[in-house]
Amino acid sequence: MGRFPIVTPFEGLFFYAWSLVTISLVINLKFKVDFLILVMNVVGFSMMTISLFKPHTEVPAYLASMLQSELLVLHISFILISYTAFTLSFSFSVLYVLQHQMLKKKKWSKRLERFGSFPFLERFSFLTVSVGFPLMLIGVIFGFVWASVENDTLPWFDVKIITSILTLIVYGAYLYQRVVNYKRGYQTILLNVGAFLVLLINYFLSGQYSSFHIWT
């Protein structure tokens with residue numbers, strides 16, 4: 001293709017799904033958390049299915065020169081890797097919530113052993129957000145710099161930019177509660193789940209109404 005193949009919607013979702021499945025295989029070698037692997041693969045294959053319905057033709061000629069920028073490649077790469085980290089965090093959080101609900105309803109079974117302990121799930125949910133947040137922040141900064149260079153101005157009121165900043169704010173609020181206020185437990189996990197829902201809105205919905213972020 002003569003470029004790093006991540007800039008079209010199909011390529012981006014393919015890379016995202018591939019990274020999820022790859023990381024799940026690595027985790028499976030080190031930890032025996034069967035349901036975590038299940039959740040990650042369900043999300044990964046769901047994204048792969050969605051990617052099949054995304055346009056994956058060649059980049060239009062009027063965009064080809066713009067997409068050759070190294071800044072743009074860095075922007076997309078950092079963003080997609082951060083999405084992978086956030087998805088992994090979401091998977092840990094989902095298992096935490098499910099286990100919490102099962103214990104609350106006194107549904108004891110051997111399946112609980114395959115979820116992982118509460119401290120394990122909460123710790124890795126936090127660690128993966130700690131990785132994803134700076135990656136997304138750096139990716140957004142690269143995007144801002146690239147947009148300023150290409151367009152001489154930045155459309156601050158574009159839907160994609162607004163939802164990207166909102167996503168960072170929500171994940172920042174989670175990290176603030178976890179690190180500064182020392183919040184732990186179910187409510188903090190729910191905040192992390194909510195942050196991932198905002199991330200999905202940022203990726204799928206805002207791109208449909210953005211006049212600036214036209215290739216997603």
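# A tour around helix α7

Begin at Arg 184, where a polar atom of the side chain lies 2.9 Å from the backbone oxygen of Arg 178. The model on screen is a predicted one, and each distance or angle given along this route was computed from its atoms.

**The loop before α7**

With Arg 184 still selected, note that its place is in the loop between α6 and α7, and that it counts as partly exposed, its relative accessibility being 43%. If neighbours within four places in sequence are set aside, the contacts of Arg 184 are with Glu 122 and Arg 178. Add Arg 123 to the selection as well: the C-alpha atoms of Arg 123 and Arg 184 are 9.6 Å apart in space, although 61 residues separate the two in sequence.

Next select Tyr 182, which lies in the loop between α6 and α7. Tyr 182 is exposed, with 62% relative accessible area, and its backbone deserves a look, since Tyr 182 has a positive phi of about 55° although it is not a glycine. For context, most residues other than glycine have a negative phi.

**Into α7: Thr 188 and Asn 192**

Moving on into helix α7, select Thr 188, which is found in that helix. Is Thr 188 buried or exposed? With a relative accessible area of 7%, Thr 188 is buried, because the value falls under the 20% cut-off. Apart from neighbours within four places in sequence, Thr 188 is in contact with Tyr 174 and Lys 183.

Asn 192 is the next stop, and it too is found in α7, the helix that covers residues 186–205. The relative accessible area of Asn 192 is 1%, and the residue is therefore buried. Display the side chains of Asn 192 and Ser 125 together, and a polar contact of 2.9 Å can be seen joining them. Which residues are in contact with Asn 192 once its neighbours within four places in sequence are left aside? They are Ser 89, Phe 90, Ser 93, Ser 125, Val 129, Tyr 171 and Tyr 174.

**The packing of α6 against α7**

Now show helix α6, residues 159–179, alongside α7: the two pack with their axes 9 Å apart and at an angle of about 165°. Because that angle is over 145 degrees, α6 and α7 count as roughly antiparallel to each other. The crossing in which α6 passes α7 is left-handed. To colour the contact, select from α6 residues including Lys 160, Thr 163, Leu 166, Val 170, Tyr 171, Tyr 174 and Gln 177, and from α7 residues including Thr 188, Leu 191, Asn 192, Ala 195, Phe 196 and Leu 199. Sorted by class, the contact of α6 with α7 has 11 nonpolar, 7 polar and 1 charged residues.

**The packing of α4 against α7**

Hide α6 and bring up helix α4, residues 70–104, whose axis comes within 9 Å of that of α7, the two crossing at roughly 140°. Why is α4 described as oblique to α7? The angle is neither over 145 degrees nor in the range of 65 to 115, nor is it under 35, and α4 is therefore oblique to α7. Here again the viewer should show a left-handed crossing, as α4 passes α7 in that sense. Among the residues that make the contact are Tyr 83, Phe 86, Ser 89, Phe 90, Ser 93, Tyr 96, Val 97 and His 100 of α4, together with Tyr 186, Ile 189, Asn 192, Val 193, Phe 196 and Tyr 203 of α7. The contact of α4 with α7 divides by class into 12 nonpolar residues, 7 polar and no charged. Asn 192 can be kept highlighted through both views, as it takes part in the contact with α6 and also in the contact with α4.

**A stop on α1**

For a position elsewhere in the chain, select Leu 25 in helix α1, which covers residues 9–30. Leu 25 is exposed, with a relative accessible area of 54%. Its C-alpha is 9.6 Å in space from the C-alpha of Asn 41, with their positions 16 residues apart in sequence.

**Zooming out**

Finally, display the chain as a whole, whose secondary structure comes to 7 helices and 0 strands, so that reading from the N terminus on gives the order α-α-α-α-α-α-α. Of its 216 residues, 49% count as buried. Where contacts join residues at least 6 apart in sequence, 80% of them are between residues at least 24 apart.

How values were computed:
Residues numbered from 1 in each chain as written. Predicted model: local features only at pLDDT ≥ 70, side-chain atom pairs only at ≥ 80, totals over all residues. Heavy atoms only, no water. Helix = DSSP H or I, 4+ residues; strand = E, 2+ residues; numbered from the N terminus. Buried < 20%, exposed > 50% of the residue type's maximum accessible area, 1.4 Å probe, protein only. Polar contact = N/O pair within 3.5 Å; in protein donor to acceptor, adjacent residues only side chain to side chain. Contact = heavy atoms within 4.5 Å. Axes fitted to C-alpha atoms, helices over the stretch in contact; angles between N-to-C directions. Left-handed = near helix turned anticlockwise from the far one by under 90°. Nonpolar A, V, L, I, M, F, W, Y, C, P; charged D, E, K, R; others polar.
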